[in-house]
Amino acid sequence: MSAVPGGVTVVKCGGVVALDPAALCADVAALRGAGHQVVVVHGGSADIDRLAERLGVVTRHLTAPDGVTARFTDQAAIELLTMALAGVTKPRLVTALQSAGVPAIGLTGLDGGLLRARRKAVQRAVLDGRTVVVRDNHGGRLTGVDHRLLCALLADSYVPVVSPPALAEHGLPVNVDADRVAAAVAAALHASTVVFLTSVPGVLADPADRGSVLPVCPVAPAGPPPYTGRGIGLKLVAAREALAGGVRPPAVTARRRADPVRRAPRGPAAAEGPHPTAGRCAAPRWNAVTLCRVVTATGERALPA
Ligand SMILES: Nc1ncnc2c1ncn2[C@@H]1O[C@H](COP(=O)(O)OP(=O)(O)OP(=O)(O)O)[C@@H](O)[C@H]1O
Ligand SMILES: [Mg+2]
């Protein structure tokens with residue numbers, strides 16, 4: 001892809017950021033003005049839950065044997081989340097970006113086969129302390145990102161606004177985690193940075209205390225992340241995958257009133273580990289040297305004024 005002065009910035013937004021994206025959009029406009037290419041990746045848990053309530057669809061979360069909790073996607077849930085992400089969250093983000101003067105173009109992973117995945121129809125989960133097998137899962141593991149499509153859009157000055165679902169090998173949509181999509185997109189584009197903007201000020205030592213932001217959150221190269229609660233477990237796994245994919249230590253940080261992306265903390269540039277082959281998802285390449293690489297996580301209070 002063509003070199004640009006600021007490189008590629010990938011921003012993952014979810015939670016309240018996706019509900020009220022004004023500050024994010026102004027920041028994306030400023031980043032583009034400074035010569036950065038930007039890809040926005042979004043989830044939309046709040047919109048999915050709201051739509052589920054309106055339509056009377058019951059949604060469930062399951063905890064995997066490693067403790068990480070994630071949405072269970074049966075047939076009703078995959079339809080619901082596609083409606084919510086493509087029909088509610090993405091139009092809100094695209095129109096807000098357009099209003100900020102940013103030529104945004106919305107894509108789910110289905111469009112152009114942008115995100116490829118392998119369906120995991122059968123899943124193991126822990127229920128009442130017992131590991132059980134759950135079937136009819138329409139979730140999967142990301143296997144590829146079509147970087148050519150993203151590069152073509154970026155080269156034409158568009159800002160792609162990307163979300164699940166992804167296209168599985170059986171030709172149907174599957175849910176993939178939006179944080180992990182951001183990590184895979186960042187690795188596929190050799191992005192200079194990926195920022196996870198979320199509802200809380202950073203990774204919290206105590207999830208009930210917004211003041212307990214960890215300035216740095218060590219994440220081991222394999223195994224369960226240090227926090228496995230709903231929302232944060234997969235975010236830390238995604239941050240680890242971005243790092244393994246050659247992207248500098250990612251920031252998990254809060255929506256801010258101004259400049260949430262440009263003022264996000266930055267780790268040092270990734271020093272070792274070859275970039276994955278462009279267009280393929282990053283296979284983690286950890287070794288003893290990289291064992292204690294960290295995810296930078298800084299909250300509003302810890303940032304300089
Ligand atoms: N230790 C923790 N540190 C930080 N957040 C935590 C922690 N444990 C649980 N959480 C929860 O994780 C949430 C963030 O994940 P969540 O999936 O809800 O949002 P998101 O990923 O930003 O948005 P979306 O899922 O819509 O893309 C926070 O709102 C917080 O309540
Ligand atoms: Mg989430």
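**Exercise 1. The open sheet**

Task: In this predicted model, find the order of the open sheet of 4 strands and say which strands stand at its edges.

Solution:
- Start with the order. The open sheet runs 9-6-11-12, and its pairing is mixed.
- Now take the ends. Strand 9 (140–145) and strand 12 (173–174) each have a single partner strand, so one side of each is left without a neighbour in the sheet.
- Check one pairing. Strand 6 (residues 115–119) pairs with strand 9 in the antiparallel sense, over 5 bridges.
- Fix the register. R119 has G140 of strand 9 as its bridge partner.

**Exercise 2. A hairpin**

Task: Describe how strand 3 and strand 4 pair, and find the residue in the turn with a positive phi.

Solution:
- Strand 3 covers residues 60–63 and strand 4 covers residues 69–72.
- Their pairing is antiparallel, with 4 bridges.
- T63 lies opposite T69 of strand 4.
- The two strands form a hairpin with 5 residues between them.
- In that turn, G67 has a positive phi of about 95°.

**Exercise 3. Two helices in contact**

Task: Classify the packing of helix 6 against helix 7, then work out what kinds of residues make the contact.

Solution:
- Locate the helices. Helix 6 spans residues 178–188, and helix 7 spans residues 232–244.
- Read the geometry. The packing angle is about 10°, and the axes are 8 Å apart.
- Apply the cut-off. Angles under 35 degrees count as roughly parallel, so helix 6 is roughly parallel to helix 7.
- List the contact. Helix 6 gives D179, R180, A182, A183, A184, A186 and A187, while helix 7 gives L234, K235, V237, A238, E241 and A242.
- Sort the residues. The contact has 9 nonpolar, no polar and 4 charged residues.

**Exercise 4. The setting of helix 6**

Task: Decide whether helix 6 is enclosed or open, and look just past its end.

Solution:
- Count the buried residues. In helix 6, 11 of the 11 residues are buried, so the helix is largely enclosed by the rest of the structure.
- Look at the charged side chains. D179 and R180 are among the buried residues.
- Step past the end. Just after helix 6, H190 takes a positive phi of about 55°.

**Exercise 5. A lysine in strand 1**

Task: Is K12 buried or exposed, and which residues does K12 touch?

Solution:
- Place the residue. K12 belongs to strand 1 (residues 8–13).
- Count the neighbours. K12 has 31 other C-beta atoms within 10 Å. The cut-off for a buried residue is 20 or more, so K12 is buried.
- List the contacts. Leaving out residues up to four places away in sequence, K12 touches V41, A178, D179, A182, V194, F196 and L197.
- Tie this to helix 6. A178, D179 and A182 are buried residues of that helix.
- Compare sequence with space. K12 and V161 are 149 residues apart in sequence, but 9.7 Å apart in space, C-alpha to C-alpha.

**Exercise 6. The shell around ligand 1**

Task: Find how many residues surround ligand 1, and which helices supply at least two of them.

Solution:
- The shell has 19 residues.
- The closest are G14, G43, S45, T198 and G231.
- Helix 1 (15–19), helix 6 and helix 7 each supply at least two shell residues.
- By class, the shell divides into 8 nonpolar, 9 polar and 2 charged residues.

**Exercise 7. The whole chain**

Task: How many helices and strands does the protein have, and what share of its residues is buried?

Solution:
- The protein has 7 helices and 16 strands.
- Of its 305 residues, 46% are buried.
- Take the contacts with a separation of 6 or more. Residues 24 or more positions apart account for 76% of them.

Terms used: Residues numbered from 1 in each chain as written. Chains lettered and ligands numbered in written order. Predicted model: local features only at pLDDT ≥ 70, side-chain atom pairs only at ≥ 80, totals over all residues. Axes fitted to C-alpha atoms, helices over the stretch in contact; angles between N-to-C directions. Parallel < 35°, antiparallel > 145°, perpendicular 65-115°, else oblique. Contact = placed C-beta atoms within 7 Å. Nonpolar A, V, L, I, M, F, W, Y, C, P; charged D, E, K, R; others polar. Pairing = 2+ DSSP bridges. Buried ≥ 20, exposed ≤ 12 C-beta atoms within 10 Å, placed from the backbone. Near = placed C-beta within 6 Å.
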